[in-house]
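User: I should like to understand how certain descriptive words are applied to the residues of a structure. Please show me the structure first.

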Amino acid sequence: MFLKRLDVIGFKSFAERITVDFVPGVTAVVGPNGSGKSNITDAIRWVLGEQSAKSLRGAKMEDVIFAGSDSRRAQNFAEVTLTLDNGDQGLPIEYSEVSVTRRVYRSGDSEYLINKQTCRLKDIVDLFMDSGLGREAFSIISQGRVEEILNSKAEERRTIFEEAAGVLKYKTRKKKAEGK
Ligand code: ATP
Ligand code: MG
């Protein structure tokens with residue numbers, strides 16, 4: 001499973017539609033401060049079901065909608081679509097390409113879609129659970145989180161790596177079996 005494409009309209013600083021094609025290998029997004037690099041990862045976390053406006057660096061969910069600038073009026077909705085290659089069936093769905101879409105309007109109405117079919121937030125969360133890409137996974141590490149990891153104590157840091165490597169659950173089970 002790998003990311004193929006990200007389509008963003010009206011999300012944060014992206015007033016117009018932008019498309020990011022993820023080619024094989026490493027994709028780097030570069031640009032000056034405030035140009036929208038972090039907004040791209042926010043868009044990925046948002047489409048995967050992030051519910052915390054604060055963790056998306058806003059006060060309320062409406063803050064993800066393009067708020068307007070001197071030259072452009074505000075958008076009425078934000079929409080993000082993430083397209084993944086599912087040739088290896090990493091996601092438990094019988095499609096070799098999977099797209100997930102999330103849309104939110106200023107009225108507060110929101111929609112979720114899998115392959116253009118309306119679904120519930122739960123369906124998206126379930127689809128990505130244990131895939132390594134879910135909203136709780138460590139596949140996206142934000143700027144603040146890096147500092148948090150560097151500043152944490154050695155044992156806490158080890159726990160973060162163990163969780164990311166997927167071995168924490170085995171260690172927890174072992175401890176339990178040993179009666180610790
Ligand atoms: P840095 O290098 O400092 O980390 P960055 O490239 O990651 O910067 P972002 O944090 O992605 O930058 O983008 C911040 C910009 O997004 C700010 O200019 C902010 O005004 C703009 N922005 C955020 N939300 C909205 C919104 N709802 N409408 C319009 N612009 C927005
Ligand atoms: Mg940033």
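User: Why does Lys 116 count as exposed or buried, whichever applies?

Analyst: This is a predicted model, in which local features need pLDDT of at least 70, side-chain atom pairs count only at pLDDT 80 or more, and totals for chains, interfaces and linings use all residues. Residues are numbered from 1 along each chain as its sequence is written, and chains are lettered from A and ligands numbered from 1 in the order in which they are written. A residue is buried if 20 or more other C-beta atoms, placed from the backbone, lie within 10 Å of its own, exposed if 12 or fewer do, and partly exposed in between. Lys 116 has 8 C-beta neighbours inside 10 Å and therefore counts as exposed.

User: What makes Arg 57 partly exposed?

Analyst: Arg 57 has 15 C-beta neighbours inside 10 Å, so it counts as partly exposed.

User: What is stated about the phi of Arg 57?

Analyst: Arg 57 has a positive phi of about 65° although it is not a glycine. Most residues other than glycine have a negative phi. Lys 116 likewise has a positive phi, of about 70°, and is not a glycine.

User: How do you know whether Ile 124 is buried or exposed?

Analyst: Ile 124 has 22 other C-beta atoms within 10 Å and is therefore buried.

User: Which residues is Ile 124 in contact with, leaving aside its neighbours within four places in sequence?

Analyst: Contact requires C-beta atoms, placed from the backbone, to lie within 7 Å. With those neighbours left aside, Ile 124 is in contact with residues including Leu 48, Val 100 and Tyr 112.

How values were computed. Two residues are in contact if their C-beta atoms, placed from the backbone, lie within 7 Å.
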